[in-house]
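User: Could you take a close look at one part of this model for me, the place where the two domains of the first chain meet? I'd like to know what touches what there, and then how it sits beside the rest of the structure.

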Amino acid sequence: MLQAHNIVKSFTTDTTTNVLKGVTIDIQQGDFTCIVGRSGSGKSTMLNILSTLLRPNSGNVVYNGLDLGKVSVNKINKIRQNDFSVIFQSFHLFPYLSVLENVLLPYLSEVTPVSKKSRAHAMQIIERVGLKGKEDRLPGKLSGGEQQRVSIARALVKQPKILFADEPTGSLDIKTGKDIIELLKELNSEGLTIVMVTHALEYTSYADTVIEMKDGQICGEIHEIAGSA
Amino acid sequence: MNILTLPLKNLKRKLLRTGILITVFTVGILSVVMLYNVSETIGHSLEKKMTEFGANILIYPKSDSLNVSYGGFSLGNLSYSVKYLSEKETNDSIRSIANKENISTVAPKLVELGTYKEQPVAVTGIIWAEEFRIKNYWALDGKMPVNPNEAIIGSRAADLLGITINSPINLGTGTVIITGILKKTGTEDDNLIFADLHSVQSLAGKQDKINFIEVAALCSGCPIDDIVAQIQSKLPNTDINALQNIVKQRMSTINYVKRLVLMVSVVILVIACFMLSMFMLASVNERKKEIGLLRAIGYSSSKIFIIFGFEAMIIGIFAGVLGYLGGYVSSVQLLSRIDIEGTGHILFDPALMATATLFVAVLSVLSAALPALKATKIQPTDVFSQI
């Protein structure tokens, strides 16, 4: 479904840092893939490249046969709108929008008003992530776990093909973090492909595939481990 | 809910900042509208006052022979084969041109020869009210004529001919009595006798006839050449002279006031736009994470531009409406306090308000263009990138 071939990425500030040194990853449809590694190992950079938020220096990312390095900006925007979704450690909710408005954010990019159908779908998603009755609240009135659920609902509202999660439990306590991972696992079991970056090894037991990174390279890959949690 | 929800909610969230920004922009627009209204009224008033120092258009019958001068104007031939204009027809024609609002004074004249103790004297028939409007500088010894058979005389003519107050001047079938002597004007008026036009016409047996007409036209907003052309089309059998030097002098004074106001207005608008631009730039820097997230969920750079452009446009619309209303009220109040003639000319014009608001809205969007463009360059990984 999504393949990254020989990805190289470096950042230059005062000096050049080679973050990814020829990484190859193959994400299968319906998989729950976990990318683990220590800070600075390049896992978040890899996730950003896979989710089109970042372009590699070399190598290519192919999504359903489409080389993402060769498509137009408009096409990338369409993929971000309809096929890929990203959730972050810091939720990145809009503090002045209600839960419902935050969830509907992907629909608010048009001048035409959000349809009743989209609104109803957003309400279903809110219910699905366990926030029924809280749709009119502002994010500031929610707990950390609830805020992450809002960001998951926002990521799901356009029914993406792949959900990318960058340290989704990083700002949460252990119990809330576990709840969020279980929610992601439920979504995965309903057919959603998930790629998650984490340094919390306890969550790898929920994954079908675990990829371990070190110093910008893959140092280990384990398949079919889900269910052992 | 649509793309405009984001800028609207953001403005509402930062109510104090939005209020300050709208206030600053409103004060700028208010100042410009007030300056414009005041300068227009003062310009109009100034021009009206300047018409008191002479006419700027002279109309006389077509002539192709000897020219006679009067008050700096060429009068055509008065001595040989004299031609006349119809007072009523000429007056009506001038008052009915397209730019009739610009006609301030129409002063017709008939020059007839009379005698004083067997000496020939020129008696000029005038309409007192119209003449005083263009010769506000006249001052005299004695009293102004009250009755139709009374007249005044220029100081030089009085000295040379030995005419004093109560002297009778023979004219046609009757006489006119001198009631006042004009103080020295330094013009041809010093050599002439002035009497009521209709009395002169009656005594000379030339009812409705005049030799020429002096016209004072207000030239702001309409070039003198246009007014001359319009009169010429109504009066094809006349020669019309525009005193371009007088017009240019007046217009340069008025234009100076207008240019000054324009410059001040431009400075005010530039400062207001700069402040809006700075506010928007601060807003972009403050909302980098929001912009990054929007890009991550597929908002194109044009959509990001729309969000910030619309925010600026809303500020512009509020400032445009409030600034226009405030400027209108302030200028009326200011002009009524300094007692300038023509305050009534400032009319509330909804169409002008709509145009001004549209202009301010466009100006606001242009002011926000650079910060908005900066926002479009922000990428998700710029704001939440981790290795």
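Analyst: Where the two domains of chain A meet, domain 1 brings 16 residues into contact with 12 residues of domain 2. Keep in mind that this is a predicted model, and that every value here is computed from it. If you want to find the two parts on your screen, domain 1 of chain A is made of two stretches, 1-83 and 160-229, while domain 2 covers 93-159. Their centres, taken over C-alpha atoms, are 24 Å apart.

How much area gets buried between them? About 1,200 Å² is buried between domain 1 and domain 2 of chain A, and carbon and sulfur atoms give 61% of that area. On the domain 1 side, three residues are good ones to click on: A:Gln81, A:Pro160 and A:Leu183 lose the most area to domain 2 of chain A. Together they make up 39% of what that side buries.

Now for the charged and polar links. Between the two domains of chain A there are 2 salt bridges. One of them you can look up pairs A:Glu186 with A:Arg128, and their closest N and O atoms are 3.1 Å apart. There are also 3 residue pairs in polar contact between these domains, counting pairs with both residues at pLDDT 80 or more.

Which helices of domain 1 supply at least two residues each to this side? They are H2 and helix H6 (174-189) of chain A. H6(A) gives the most, with 7 residues. Sorted by class, the domain 1 side has 9 nonpolar, 3 polar and 4 charged residues.

Next, put that beside the place where chain A meets chain B. That contact takes 33 residues from chain A and 25 residues from chain B. The area buried between the two chains is about 2,900 Å², with carbon and sulfur atoms giving 62%. Here, too, the count is 2 salt bridges. In one salt bridge, the side chains of B:Lys9 and A:Glu101 meet at 2.8 Å, N to O. The polar contacts between the chains come to 13 residue pairs, both residues at pLDDT 80 or more.

On the chain A side, the elements giving two or more residues to the contact with chain B are helix H1 (43-50) and helix H2 (73-82). So that you can spot the main contributor: H1(A) has the largest share, 4 residues. By class, this side of chain A has 15 nonpolar, 11 polar and 7 charged residues.

While you have chain B on screen, have a look at a few of its own details. In helix H6 of chain B, residues 197-204, the buried residues include B:Leu197, B:Val200 and B:Leu203. B:Gly205 follows H6(B), and its phi is positive, near 70°.

Positive phi turns up in a loop of chain B as well. B:Lys117 has a phi of about 50° although it is not a glycine, and B:Lys117 lies in the loop between strand E5 (103-116) and strand E6 (119-126) of chain B. B:Glu118 is found in the loop between E5 and E6 too, with a positive phi of about 70°, again without being a glycine. Are these two buried or exposed? B:Lys117 counts as exposed because its relative accessibility is 62%, and B:Glu118 counts as exposed because its relative accessibility is 76%.

Definitions and conventions. Residues numbered from 1 in each chain as written. Chains lettered and ligands numbered in written order. Heavy atoms only, no water. Contact = heavy atoms within 4.5 Å. Buried area = accessible area lost by both parts, 1.4 Å probe. Salt bridge = Lys/Arg side-chain N within 4 Å of Asp/Glu carboxyl O. Polar contact = N/O pair within 3.5 Å; in protein donor to acceptor, adjacent residues only side chain to side chain. Nonpolar A, V, L, I, M, F, W, Y, C, P; charged D, E, K, R; others polar. Domains from an automatic or database assignment. Buried < 20%, exposed > 50% of the residue type's maximum accessible area, 1.4 Å probe, protein only.
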